[in-house]
Amino acid sequence: MKPLCHLKDLEATGALGLTVDLGEGPVGIFVVRQDKTVRAYLNRCPHRGTPLEWQDHQFLDDEGALIVCATHGALFRIEDGLCVAGPCKRQSLTPVPVRVEGQAVLLP
């Protein structure tokens, strides 16, 4: 199976936007790394349905601690996608299951 990306691809920004086919045609997702944990979410704000990044592969705040929606500044926790600030508070990003094998990030 072809990897979505490699861990080194996440070093520059902590996240990487991708287009993948999850079985129903192409969809935007992003892969995000926090310490040794890698997670992926649909690249869609639960409030507006718009893509989250403000520039290519720029999904995180300046500290790399939270995911930021470029449309309205909502903040989401990396570990579970829960919105902790903004108009979609208590809503969550849609997770995409991934696994890490060696240095590769793969869909299950």
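This section describes the overall fold, the surface and the salt bridges of a predicted protein model.

The secondary structure of the protein comprises nine strands and zero helices. Read from the N terminus, the order of elements is accordingly β-β-β-β-β-β-β-β-β. The C-alpha trace extends over about 40 × 35 × 25 Å along its principal axes. A radius of gyration of 13 Å was computed for the protein, which agrees with the value near 13 Å for a compact globule of 108 residues. Of the contacts with a sequence separation of 6 or more, 41% join residues that lie 24 or more positions apart.

With regard to solvent exposure, 37% of the 108 residues are classed as buried. The accessible surface amounts to about 6200 Å², and carbon and sulfur atoms contribute 48% of this area. The protein carries 11 positive and 13 negative charges, and the mean positions of these two sets are separated by 5 Å.

Side chains of opposite charge can pair when their charged atoms come close. In the present model, a search of the whole structure identified three salt bridges. Arginine 77 takes part in a salt bridge with glutamate 79, in which the closest N and O atoms are 3.7 Å apart. This separation falls inside the cut-off, because a salt bridge requires a side-chain nitrogen of Lys or Arg within 4 Å of a carboxyl oxygen of Asp or Glu. The side chain of arginine 77 also meets that of aspartate 80 in a salt bridge, with an N to O distance of 2.4 Å. Arg77, Glu79 and Asp80 are thus linked in a network of salt bridges.

The members of this network were further examined for accessibility. Arginine 77 has a relative accessibility of 28% and counts as partly exposed. Glutamate 79 is likewise partly exposed, at 39%, and aspartate 80 is partly exposed with a relative accessible area of 33%. These values place the residues in the intermediate class, because buried denotes under 20% and exposed over 50% relative accessible area.

A further salt bridge is formed between the side chains of arginine 99 and glutamate 101, with an N to O distance of 2.8 Å. Both partners are again partly exposed: the relative accessible area is 32% for arginine 99 and 43% for glutamate 101.

Key
Residues numbered from 1 in each chain as written. Predicted model: local features only at pLDDT ≥ 70, side-chain atom pairs only at ≥ 80, totals over all residues. Heavy atoms only, no water. Buried < 20%, exposed > 50% of the residue type's maximum accessible area, 1.4 Å probe, protein only. Helix = DSSP H or I, 4+ residues; strand = E, 2+ residues; numbered from the N terminus. Rg over C-alpha atoms; globule rule 2.2 N^0.38 Å. Contact = heavy atoms within 4.5 Å. Areas by Shrake-Rupley, 256 points an atom, 1.4 Å probe, with all protein chains shown as cover. Lys, Arg positive; Asp, Glu negative; His and termini not counted. Charge placed at Lys NZ, Arg CZ, Asp CG, Glu CD.
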